[in-house]
Amino acid sequence: MFLKTSFTSLIVGVFVVYVLHTCWVMYGIVYTKPCDSPKGENCFTPYLAQEPKLQLSIYTALRPDAEGGHTLIHKEETFDVNSKFERIVNVSLSKKTRNNGTLYALVFVHQAGITPWQDPRQVHLVAQLTTYMVPKPAEISLISGEDQTQGKEEEIQQKKRGSKPTGGAGAGTASTADHPVSHWRTRLTLNVVGDHFVFDKENVPGDVHRYLRVFQNGKKMAYLPLLFVDELSNRVKDLVEINSTSKELPLTISYDSISLGRLRFWIHMQDAVFSLQQFGFTEKDADEIKGIFVDTNLYFLALTFLVAAFHLLFDFLAFKNDISFWKEKKSMVGMSSKAVLWRCFSTIVIFLYLFDEHTSLLVLIPAGVGSIIEVWKVKKALKIQVSWKGGKPTFLFGKLDESERRTEEYDTLAMKYLSFLLYPMCIGGAVYALIYLRYKSWYSWLINSLVNGVYAFGFLFMLPQLFVNYKLKSVAHLPWKAFMYKAFNTFIDDVFAFIITMPTSHRLACFRDDVVFLIYLYQRWLYPVDKTRINEYGVSYDEKPKRKPHKD
């Protein structure tokens, strides 16, 4: 017991150090030490302090270095750094871009009245207006085999061209369904630091250094406006697929000033997302992380980091105690084997559903690990032993004692009552979905029907354990340490349900679990644990140890 307690204390201590270190690093990011003597020679003064007349010009080009020509798409002749604006412009696409090509935006801040190439004090950045991503598969009616929305659009196009239909819905897209195609980024978000911050020449932050352009201004050194292109604002939901008929697409240009601390924080987050993509994260996976930063308030974002850290701690402690409980578990007295089987089945179905929906790895990986653990629990609960003979596995099931058989009777009785309600509702929901909804394939329909049953009625399969607790008038057989850690995590999941993108049914399931946990807590209060009850290891603390009779 001492070793277990000390190990948990060590983990908690490491967690506290991690949180404090993270807070210190975040403080170092958002705080920049200014120059001690602003009028000295060791300082970089802002060029914006002289209030120059500036112009914002945006060009498009097929290459980031503008070789091969460029086209002006927008300009702000009286550009005020502190004035927020949003403009919508139509951008013409070349034939090369329409044929799965790329397009870049060249953003310049320069002196008003002249072109950027004539201004030696201009600053510019390059942003990619296109990205490659696998298009979402078309959803069809599995009975009629057609997508009504696509069918109507196809009929309209055929009438305009005066041609006859050339195939069913989705024809011609199967060959490109698994290949990345060019998508249009409909938003371009720009920022310029509006603070007149004076940098210390010897202590310029490394993250700002790449955006800093310094020039000699009399006897002093000055730096040009800090221009920043916000890549985190480019979300997957705003992407538009480019095809051969997309000759012109809209582009929303958003501008706002930004503080130096927020700029540094944004640079670090943008670099982190880019690093994840280099390690194999897809555009959709990175988009989930972008949503955490872009769609939330900065203070709420700090709270999210703190909550995520506690979620990680409770996840680890729950995993540790749950494994320890089931590792030592030798009797299923008071435990619902049907509930264990259902949890295993439901976690596997949920994992397959999340995988089919291309959900973020932040949600998919924990679901996959949980599925493996639940399979192992089933092996322990049913006392399954696997032996290999001639390369073929043989499964042997253990026998139940009298107490376990009584628990199994209560468990079976509870499942009998539940089946009268559960099975008709699940089958009815699956038939309704088949008739009125559209899916990518029969497999997608099957997984969606199963997972809807799990999410909508899955909590009913937790009721057999409640019924067994009621019949035995005891909750001592439950793993309460792991249970409480999971309870904390469930309430934390309620917070993440509003932050991380996930299917609506998965989001609602988080709140469903809250109700079940509250019922378990009520039973904990109703049936207090005493020393005479059998605990989770089949031991009563009031029983005196049996000693062997000794000879006189």
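Colleague: Before we turn to the cysteines of this predicted model, what counts as a disulfide here?

Modeller: A disulfide is taken to be a pair of cysteine sulfur atoms that lie within 2.5 Å. In this predicted model, the count by that rule comes to one disulfide. The sulfur atoms of Cys35 and Cys43 are 1.8 Å apart, and the pair that forms the disulfide is therefore Cys35 and Cys43.

Colleague: Which hand does the disulfide of Cys35 and Cys43 have, left or right?

Modeller: The hand is read from the torsion about the S-S bond of Cys35 and Cys43, which is about -55°. Because of that torsion, the disulfide is left-handed.

Colleague: Is Cys43 buried or exposed, and what is its relative accessible area?

Modeller: A residue is called buried when its relative accessible area is under 20%. Its disulfide partner Cys35 is buried, with a value of 9%, whereas Cys23 counts as partly exposed at 47%. Cys43 is likewise buried, and its relative accessible area is 1%.

Colleague: How far apart are the end C-alpha atoms of helix H5, and what span should its 19 residues have?

Modeller: Helix H5 covers residues 260-278, and at 1.5 Å a residue its 19 residues should span 27 Å. Among the buried residues of H5 are Leu260, Phe265, Trp266 and Val273. The distance between the end C-alpha atoms agrees with the expected span, for it is 27 Å.

Colleague: How many of the 12 residues of H6 are buried?

Modeller: Helix H6 runs over residues 283-294, and its end C-alpha atoms, 16 Å apart, agree with the 16 Å that its 12 residues should span. The buried residues of H6 include the charged-named positions Glu283, Asp285 and Lys290 as well as Ile289, Ile292 and Phe293. H6 is mostly covered, and the number of its residues that are buried is 10.

Colleague: Which strands are the edge strands of the open sheet?

Modeller: Four strands form this open sheet with mixed pairing, in the order E10-E1-E12-E11. Each edge strand pairs on one side only, and these are E10 (199-200) and E11 (214-217).

Colleague: Which residue in E12 stands opposite Asn217?

Modeller: Strand E12 comprises residues 220-223, and four bridges join E11 to E12, the two running antiparallel. Opposite Asn217 stands Lys220.

Colleague: How much accessible area does the nonpolar patch with Tyr436 have together?

Modeller: Tyr436 is found in helix H10, residues 402-436, and counts as exposed at 54% relative accessibility. Tyr423, Ile427, Val431, Tyr432, Ile435 and Leu437 join Tyr436 in this surface patch, whose accessible area together is about 750 Å².

How values were computed:
Residues numbered from 1 in each chain as written. Predicted model: local features only at pLDDT ≥ 70, side-chain atom pairs only at ≥ 80, totals over all residues. Heavy atoms only, no water. Expected span 1.5 Å × (residues − 1). Buried < 20%, exposed > 50% of the residue type's maximum accessible area, 1.4 Å probe, protein only. Pairing = 2+ DSSP bridges. Patch = residues over 30% accessible without salt bridge, like charges linked within 9 Å, V, L, I, M, F, W, Y side chains within 5 Å. Areas by Shrake-Rupley, 256 points an atom, 1.4 Å probe, with all protein chains shown as cover. Salt bridge = Lys/Arg side-chain N within 4 Å of Asp/Glu carboxyl O.
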